Amino acid sequence: MSVLVYVEHADGKFKKSGFEAVAYAKAVADQVGTTLTAISIGSVAQDELSALGRYGAAKVLSVGAEQLKTFVNQAYASVIAAAAEKEGADIVVLSNSFSGKGLAPRIAVKLQAGLADGAVDLPDTSGGFRVKKTAFSGKAFAITELTSEKKVIALNPNAFGVKEQPTDVQIESFQPEISGNDLKTVIKDIVRATDKVSLPDAERVVSGGRGLKGPENWGMIEELADLLGAATACSKPVSDADWRPHAEHVGQTGIAISPNLYIAIGISGAIQHLAGVSSSKVIVVINKDPEAPFFKVADYGIVGDAFEVVPKLIEALKAHKA
Ligand SMILES: Cc1cc2nc3c(=O)[nH]c(=O)nc-3n(C[C@H](O)[C@H](O)[C@H](O)COP(=O)(O)OP(=O)(O)OC[C@H]3O[C@@H](n4cnc5c(N)ncnc54)[C@H](O)[C@@H]3O)c2cc1C
């Protein structure tokens, strides 16, 4: 038995959430007394693959097939399931990222495995195999018991952290057969909406809502985000009104994120918005209404007019940086 972890990369560089998945999978492997194998799909350089040893992977399977250069949900799921069979892995771990959300159930079906998606902690193996996961769009936790022989765990980004546990790593090429059935929908081109930090991967996010009155006021949001090295996001009405691109819309019907820092400016905190951001580590709310529901989930709250508070924050950050 071993544990297999799928590690995502973007343009050949592993994502932070990928390293986190490796660190988590290593802790799971230690818990059940086995070794960890990682799988990488697409074109990734040898030294980047070797870096996975830093987080505890003893072996890395590298799948470099030309047809898998870009993400193909069905084909990636088949390859990961084939790798699990080859390695005799009973547990497959991956990040509950945008791609992971599509992959995890497919892998589980292929392996006839139980699935815990949105995991936030290591499994409790004291009497069975129980995984704590988010439920109801992050409004609750569920403890799920996986009773199947094989198990798939999709870890929520930022739930475990990136922990180093250096191990000697062996890199192996893996060339499974890829069925034409798995390549019926392929991505031909990717056009980036922005060169800035990608929202799902961002450590810090500065987000604006309808309280900002109009798109002309986003200069201060962008300036604050630049100073913090943060991505920008927005509430649904803001993207619906075309003040900001739809790619920035977070919440139940938008992107779900869990950065280390989420700054919500002029956003009321409706449950549909919170559904996508409430698992952020630290939430800072700036709102002129002390009764705004967002304050109930905030770690830090500033009651004040965004047009006074944000410029002062920018000033203070600039002074701090200088
Ligand atoms: C099925 C469904 C799905 C939905 N999905 C989503 C989703 O994914 N994401 C999402 O965001 N919403 C979603 N919504 C909409 C959601 O219910 C709210 O309507 C929306 O989040 C409100 O956006 P807002 O907070 O920007 O605007 P508002 O509710 O108008 O709030 C504006 C806030 O700004 C504050 N404010 C005003 N002026 C200032 C100022 N000068 N300084 C500081 N604060 C100020 C106000 O006090 C207020 O709290 C969904 C709704 C439905 C029904």
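Contact here means heavy atoms within 4.5 Å. Keep that cut-off in mind for the helix packing. One more caution: this is a predicted model.

Start with helix 5, residues 219-228. Helix 5 lies across three strands: strand 12, strand 13 and strand 14, the last at 261-265. Against strand 12, helix 5 runs at about 175°.

Now the sheet itself. Five strands make up an open sheet, and the pairing is parallel. The order reads 13-12-14-15-16. Which strands sit at the edges? Strand 13, residues 231-234, and strand 16, residues 300-303; each of these pairs on one side only. From one strand to the next, the twist averages 15°.

Look at one pairing in detail. Strand 12 covers residues 204-208 and pairs with strand 13 over four bridges, in the parallel sense. To find the register, take Val 205: Ala 231 of strand 13 stands opposite.

A second helix to pick out is helix 8, residues 306-321. Helix 8 packs on the sheet and touches strand 14, strand 15 at 282-287, and strand 16. The direction of helix 8 makes about 130° with that of strand 15.

On to the ligand. How many residues surround the ligand? There are 26. The closest are Ser 235, Thr 253, Ser 268, His 273 and Asn 287. By type, the shell splits into six nonpolar, 14 polar and six charged residues.

Three polar approaches to show you. At Arg 210, a backbone N or O atom is 2.8 Å from a ligand oxygen. At Gly 211, a backbone N or O atom is 3.4 Å from a ligand nitrogen. At His 249, the side chain does the work of approach: one of its N or O atoms lies 2.9 Å from a ligand oxygen.

What about burial? Alone, the ligand exposes 990 Å², and the protein buries 75% of that. Which elements give two or more residues to the shell? Helix 6 at 236-240, helix 7 at 271-277, and helix 8. So much for the tour.

Definitions and conventions: Residues are numbered from 1 along each chain as its sequence is written. This is a predicted model: local features need pLDDT of at least 70, side-chain atom pairs count only at pLDDT 80 or more; totals for chains, interfaces and linings use all residues. Side-chain values use heavy atoms; hydrogens and water are left out. Two strands pair if DSSP finds at least two bridges between them. Axes are lines fitted to C-alpha atoms, for helices over the stretch in contact, and angles run from 0 to 180 degrees between N-to-C directions. A residue is near a molecule or strand if one of its heavy atoms lies within 4 Å of it. A polar contact is a pair of N or O atoms within 3.5 Å; within protein, one must be able to donate a hydrogen and the other to accept it, and residues adjacent in sequence count only if both atoms are side-chain atoms. Accessible areas come from the Shrake-Rupley method with a 1.4 Å probe; for residues, only the protein chains shown count as cover. Ala, Val, Leu, Ile, Met, Phe, Trp, Tyr, Cys and Pro count as nonpolar, Asp, Glu, Lys and Arg as charged, and the others, Gly among them, as polar.
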